Amino acid sequence: MSAPVLVIGEALVDIVGTAAKTTRNGNGKTNATPGGSPANVAVGLARLGVPTELVTRFGTDAYGDQLGAHLFGNGVQLAPGSVDPNFRTSTATATLDAAGVATYQFDITWEPPALSLSRGCPAVHTGSIATVLEPGAAAIREFLKSLADQPVTVTLDPNARPSITPDPVSTWSAVRALAAMSDLVKLSDEDCEFLRPGSTPLDIAEELLTAERTQCVVITRGGKGALGVSRDARVDVTAPAIEVVDTVGAGDSFMSALIAGLETRELLGERRLTGLTSEDLREVVDYAVKAAAITCTRHGADPPTVAEHAARWGA
Ligand SMILES: OC[C@H]1O[C@](O)(CO)[C@@H](O)[C@@H]1O
């Protein structure tokens, strides 16, 4: 079996409710579901058949047990030190608007166990709060630096959360520094509006592609689909029409499917996306858009399996 993709970052519990219903025990209409962008990406990868290891940290409280069962049940390997009895499991309160679009408030601390690269690991994925909240963010920066000469592909999803990083200017400069150490960067149009107000997604993609290492930038555009830009290709993929239940974890499903699609095409590892054609880019972005669409039709961060993807959209 091939070595697992390594995913680094928060695993937490999402407490999801509509604006009037977000109190934990208020009217019983909230749902506590496993979440955390990197944990969601790890589950999405495993469900798409990609062996995956997650480096995270959560406790042995009731929420931690829920997370552990979820990750284990989906076949995600947990790196040593990820479950810590002295740690209180983090939570996010996601408030849904009338269109099912979530905004988040967090109760989170982030300090990962030791980070190391195993032999043959095809890709390292990180992003979200884990890359901006200290002290863990510094550990991730150092780890990404150490990967500069390693035969591994690095992917990043900044997944900006303004309640954690309210200042767009300093957040964008942190994102740019991490992006420059990544081969693939995925952002959402919401990230773009917050981080670079007034710039188009294409401007942002081109700005990030000026970094020597970065080969590809993909920007999701909600119900409109996604834009993929590489050094020599640009694709615009439309999203299928669906009934949105909520958008929680849709971007994470997208990210998993993007990595899974690149893995299938053997573009990860030391390839670092070299030789990615316009056709490859269109196909992987299309696969990712369709994975995200499935997640939007379900409650919470619930990415599809290979079989569910094929059943809904064809193989
Ligand atoms: O990690 C930050 C938050 O983002 C999500 O992954 C959705 O993208 C939630 O599950 C989590 O609470």
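This is a tour of selections to make in the viewer, with a note on what is found at each stop.

The model is predicted: local features need pLDDT of at least 70, side-chain atom pairs count only at pLDDT 80 or more, and totals for chains, interfaces and linings use all residues. Residues are numbered from 1 along each chain as its sequence is written, and side-chain values use heavy atoms, with hydrogens and water left out.

**Stop 1: the ligand**

Select the ligand and the residues around it. There are 16 surrounding residues, and the closest are E10, D14, S37, R161 and D252; a residue counts here if one of its heavy atoms lies within 4 Å of the ligand. Next, look at individual atom pairs. A polar side-chain atom of D252 is 2.8 Å from an oxygen atom of the ligand. For N40, a polar side-chain atom lies 3.1 Å from a ligand oxygen atom. In G36 the partner is a polar backbone atom, 3.1 Å from an oxygen atom of the ligand. How much of the ligand's accessible area does the protein cover? On its own the ligand has 310 Å² of accessible area, and the protein covers 98% of this. Such areas come from the Shrake-Rupley method with a 1.4 Å probe; for residues, only the protein chains shown count as cover.

**Stop 2: D157**

Select D157, in strand β9 (residues 153-157). Strands (E, at least two residues) and helices (H or I, at least four) are DSSP runs, numbered from the N terminus. D157 is buried, with a relative accessible area of 0%. Buried means under 20% relative accessible area, exposed over 50%, and partly exposed in between (1.4 Å probe, protein chains only). Now add K186: the side chains of D157 and K186 are joined by a polar contact of 3.1 Å. A polar contact is a pair of N or O atoms within 3.5 Å; within protein, one must be able to donate a hydrogen and the other to accept it, and residues adjacent in sequence count only if both atoms are side-chain atoms. Leaving aside neighbours within four places in sequence, the residues in contact with D157 (heavy atoms within 4.5 Å) include S37, H125, D191 and D252.

Move on to N159, in the loop between β9 and α4. Its phi is near 45 degrees, a positive value in a residue other than glycine. N159 is buried, at 11% relative accessibility.

**Stop 3: the nonpolar cores**

Select I8, V124, L144, L187 and L208. These have the most contacts inside the largest nonpolar core, which has 47 residues. A nonpolar core is a set of buried Ala, Val, Leu, Ile, Met, Phe, Trp, Tyr and Cys residues joined through side-chain atoms within 4.5 Å. Helix α4 (residues 168-179) gives the most to this core, with four residues. A second, separate core has 46 residues, among them I15, V41, V218 and A250. Go back to I8 and show what it touches: beyond neighbours within four places in sequence, its contacts include P38, W110, V124 and F143.

**Stop 4: helix α6**

Select residues 201-208, which form α6; I204, A205, E207 and L208 are its buried residues. Why do they line one face of the helix? Seen down the axis of α6, the buried residues fall within an arc of 160 degrees, so they line one face. The arc is that of the directions from the helix axis to the C-beta atoms. The elements that these residues pack against are α4, β10 (184-188), α5 (189-195), β11 (216-220) and β12 (226-230).

**Stop 5: two strand residues**

Select S230 in strand β12. At 7% relative accessibility, S230 is buried. Apart from neighbours within four places in sequence, S230 is in contact with L209, Q215, C216, L276 and L281.

Then select V235 in strand β13 (residues 234-237). V235 is buried too, with a relative accessible area of 1%. Add S278: the two residues are 43 apart in sequence, and their C-alpha atoms are 7.2 Å apart.

**Stop 6: backbone details**

Select E134 and P135, which are joined by a cis peptide bond with omega of about 5 degrees. P135 is in the loop between β8 (123-127) and α3 (136-146). Finish at R272, in the loop between α7 (250-264) and α8 (278-296). R272 has a phi near 45 degrees, a positive value in a residue other than glycine.
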